[in-house]
Each structure stands twice: as C-alpha cells, then as structure tokens.
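Reader: Please take a close look at the helix packing in this model and follow it into the nonpolar core. I would like a careful account, with the cut-offs behind each term.

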Amino acid sequence: MEVKDFKSTISQFEPEVLTRECLYRDYVHALPEAVRYAEYINAISSDYVNSDHIAIMGSGNWGYSLNPEKSFRPFCEKSDIDVVIICPETFHEVWEELRDYHRSKYYMLNRYQRLALKRNGENVYSGFITPKWIPNKASPTRFQYDINTNNYSNESVGYRQVNMMFFKNQTEAIDYYVRGFRLAKRAIRDGL
C-alpha cells in the first residue's frame, strides 16, 4: 500500500473501525503471511497464558507511522515492533510493582524521575503499562520483560527491537489506538 492509499484509508474510515480491524486481523505488514504471524503471536502467548489477546500494532501492523511528526514514515529496517498484550492480570502485577518501587523511593527521585513517574501514572490511568517503566532493572518483572522482548526480536521480525505494552482490557487498547488514528486523520485534513 502506498502512503497516499494509507492516508485515504484513514480519511475514509472511522478511527474505531480502523483500530478494531488492525487489532484483530490475522496478518500484519511485518508478518504478511497469516501462518507466520500466528506462530509469532503463539510464541508470545505461551509466555503470557492469561492474556485475552495479543497483536502487533503500530507501523508493523499497518505499514506506516501514525505520528504526523514522522510524516507517515513507512515501516523500515529501523522500525520497531509494538506488541499489544491485553491482560488485566499482568497489567495489575506490573502496576503493583511500579507502585511498590515508587512508594519506597519517591523522596529519592530527582525532578526528571518524578516527571517520568507522573507521565507513567497518566498512562496507567489510561489503561496501559510496560515493565520498561520499572527503574530497578534487577526487578524480576523487568528482567523477564527484557528477556522476553529480546527473544521476540528474532528472525521473524528481522531482529527489530520489540516493545510490549500491557493493557487493562480491550476497551483501553482500542482507545489508545483510536487516539492515534484521530491525530493522523486531523493531520491529513490539515494537509500534512
């Protein structure tokens, strides 16, 4: 799909329709063969057995960045792989570990770390979290996240960096990407 076709699709369809279609398709741009995509997702789901749904989103899904500041840049060798995991249990586990860390260390945090904590708190409020936010790299949750993302950065995805976000539920996952499609739609309408 050419970028003009991608922009046309965004302009023609409602953001929620686009998000649902992308979240639940059986292939993605990074893995266009349904069998290979299913194998990749199944490997991740074996590590997150309580998840409700797992998908590649971002430019690895639809082929272009939604970020207007990146001028709808095409998915390329430098692109990363964004994995969405809808899993209330893991969402809450990571949230609790992050909260425990900050409860015990808050007054030792510098200004930058406190701003990052505030931003992460806003993201948790919006229904998503990642173990990357746990400052303690020796944390078992953070350590396992790093191992898993390293394992998923394999031949299937061209050894690209893998990032995983855990969502509280389907509603929050859809809402997150709907915002991205809305911003892209507005940028297209404004001539970007």
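Author: Two axes count as roughly parallel at angles under 35 degrees, roughly antiparallel over 145, roughly perpendicular at 65 to 115 and oblique otherwise. The model is predicted, so to speak of local features a pLDDT of at least 70 is needed and side-chain atom pairs count only at 80 or more, whereas totals for chains, interfaces and linings use all residues. Residues are numbered from 1 along each chain as its sequence is written, and side-chain values use heavy atoms, without hydrogens or water.

The packing can be followed from helix α1, residues 3-12, which meets helix α8 at an angle of about 110°, the two axes lying 9 Å apart (axes are lines fitted to C-alpha atoms, for helices over the stretch in contact, and angles run from 0 to 180 degrees between N-to-C directions; helices, H or I of at least four residues, and strands, E of at least two, are DSSP runs numbered from the N terminus). At that angle, α1 and α8 are therefore roughly perpendicular to each other. On the α1 side the contact (heavy atoms within 4.5 Å) is made by Lys-7, Ile-10 and Ser-11, and on the α8 side by Phe-181, Ala-184, Lys-185 and Ile-188. Gln-12 also belongs to α1, and its relative accessible area of 57% makes it exposed (buried means under 20%, exposed over 50% and partly exposed in between, with a 1.4 Å probe and protein chains only). Although 173 residues separate Gln-12 from Lys-185 in the sequence, their C-alpha atoms are 9.2 Å apart in space.

Helix α2, residues 15-23, packs on α8, residues 170-189, at about 125°, and here the axes are 8 Å apart. That angle makes α2 oblique to α8. From α2 the contact takes Pro-15, Glu-16, Leu-18, Thr-19, Arg-20, Cys-22 and Leu-23, while α8 contributes Gln-170, Ile-174, Tyr-177, Val-178, Phe-181, Arg-182 and Lys-185. Phe-181 and Lys-185 of α8 thus appear in the contact with α2 as well as in the contact with α1.

From these helices the account passes to the core. The largest nonpolar core (buried Ala, Val, Leu, Ile, Met, Phe, Trp, Tyr and Cys residues joined through side-chain atoms within 4.5 Å) has 52 residues, and those touching the most other members are Tyr-40, Ile-56, Ile-81, Val-83, Ile-85 and Met-164. Helix α8 is the element that gives the most to this core, with 8 residues.

Ile-85, when residues up to four places away in sequence are not counted, touches Ile-44, Tyr-48, Ser-51, His-53, Ile-54, Met-164, Met-165, Phe-166 and Phe-167. One of these, Met-165, lies in strand β4 and is buried, with a relative accessible area of 17%. Under the same exclusion of sequence neighbours, the contacts of Met-165 are Val-83, Val-84, Ile-85, Phe-128, Ile-129, Tyr-176 and Tyr-177, and Tyr-177 is also among the α8 residues that meet α2. Between Met-165 and Phe-128, which lie 37 residues apart along the chain, the C-alpha separation is 6.4 Å.

Phe-91, in helix α5, residues 88-105, is buried at 1% relative accessibility. Its partners beyond four places in sequence are Val-124, Gly-127, Phe-128, Ile-129, Phe-166, Phe-167 and Lys-168. The C-alpha atoms of Phe-91 and Ile-129 are 6.4 Å apart, with their positions 38 residues apart in the sequence.

Some loop residues complete the picture. Asn-50, in the loop between α3 (34-45) and β1 (53-57), is partly exposed at 41% relative accessible area, and apart from neighbours within four places it is in contact with Cys-87 and Glu-89. The C-alpha atom of Asn-50 is 9.9 Å from that of Ile-85, 35 residues away along the chain. Phe-72, in the loop between α4 (59-62) and β2 (81-86), has a positive phi of about 55° without being a glycine, and at 2% relative accessibility it counts as buried. Tyr-159 likewise has a positive phi, near 60°, in a residue other than glycine; Tyr-159 sits in the loop between α7 (140-152) and β4 (162-167) and is exposed, with a relative accessible area of 57%.
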